[in-house]
Each structure stands twice: as structure tokens, then as C-alpha cells.
Amino acid sequence: MSILYVLVAKRNDMILVDYTEYTGNFQQITIELMKRIESDTKKTFEVSDYLFHYINEEELTVLCMTSKDAQRKLAYTFLADVRKRLLEVYSSRELMNARAFGLKTFTAELREKIVSE
């Protein structure tokens, strides 16, 4: 499975960190999709030829974009792994106090997780 884009956001309106190796309007699409994210849920949105999978727990959203042929189970496993690692690196307080794009130090972790997929 190929993860094309990944982001971490809080309160469904503030991107804390994102990563992609591709060019595109991923951020703009996800900003629109984040308005539809429900608290404490996991869902998949279909947009054109892509799937946007997310997990939202405790006001923290981890979202990734894949091609339509990607298995949802693998995408959710990837998202859970990213969330787990994020909570190992940052305290709840650091996450809640973080500003937009304030977790740039986590970009290397995202890159490594995408490459290993």
C-alpha cells in the first residue's frame, strides 16, 4: 500500500504536521474534509481517485491519503501506529499547546513511516 499524504491535526481545524513526497493540493482538500470529521470516530472519505482515511480520538486527528485500491485495514493500522508514536514523542500537554505546524520535528517520523509502508 502506498501512503501518499499524512497529517496530524487537533480540533479538526489546525494542522500540526504533515508530510508527502508528492506535489498536489492535499492540504486544501484535507482542510475541507476536516470540517466533516466527527469526534471519536474513524472513517474514510472518497475524493476523485483517492481515499482519505482518518482516526479522531480526544481532539487529535491522524489522516492519510491513499489510492482507491489500498486496503482500508492497512490504512487504519498505519494511522494507529502514527498516533501511538506521536503520543510517545509528545505529551498531551505539548500536543494541546502546539500551534499550527508546530510539530515539524515529527516530520522525519512521518517520512520514515511512509517509506516503510
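1. Two strands count as paired if DSSP finds at least two bridges between them. Helices (H or I, at least four residues) and strands (E, at least two) are DSSP runs, numbered from the N terminus. The model discussed here is a predicted one, in which local features need pLDDT of at least 70, side-chain atom pairs count only at pLDDT 80 or more, and totals for chains, interfaces and linings use all residues. Residues are numbered from 1 along each chain as its sequence is written, and side-chain values use heavy atoms, with hydrogens and water left out.

2. The sheet is open and has five strands in the order β2-β1-β5-β4-β3, with antiparallel pairing. β2 (14-19) and β3 are the edge strands; each has a single partner strand, so one side of each has no neighbour in the sheet. From one strand to the next, the twist averages 20°. Angles here run from 0 to 180 degrees between N-to-C directions, and axes are lines fitted to C-alpha atoms, for helices over the stretch in contact.

3. At one edge, strand β1 (residues 3-10) is joined to β2 by five bridges, and the two run antiparallel. In this pair, L7 stands opposite D18 of β2.

4. At the other edge, strand β3 (residues 41-47) pairs with strand β4 (residues 50-57) in the antiparallel sense over seven bridges. T41 has N56 of β4 as its bridge partner. β3 and β4 form a hairpin with two residues between them.

5. Most residues other than glycine have a negative phi. S48, in the loop between β3 and β4, has a positive phi of about 55° although it is not a glycine. S48 is exposed (over 50% relative accessible area, 1.4 Å probe, protein chains only), at 58%. E59, in the loop between β4 and β5 (60-67), also has a positive phi, near 65°. E59 is partly exposed (between 20% and 50%), at 44%.

6. Helix α2 (residues 72-89) and helix α4 (residues 107-116) have axes that come within 11 Å and cross at roughly 150°. They are therefore roughly antiparallel to each other (angles over 145 degrees). The contact (heavy atoms within 4.5 Å) involves F78, D81, V82, R85 and V89 of α2 and E109, L110, K113 and I114 of α4.

7. Both helices also meet the sheet. α2 lies across β1, β3, β4 and β5 and runs at about 40° to β4. α4 packs on the sheet, touching β1 and β2, and its direction makes about 50° with that of β2.

Key: Angles under 35 degrees count as roughly parallel, over 145 as roughly antiparallel, 65 to 115 as roughly perpendicular and the rest as oblique.
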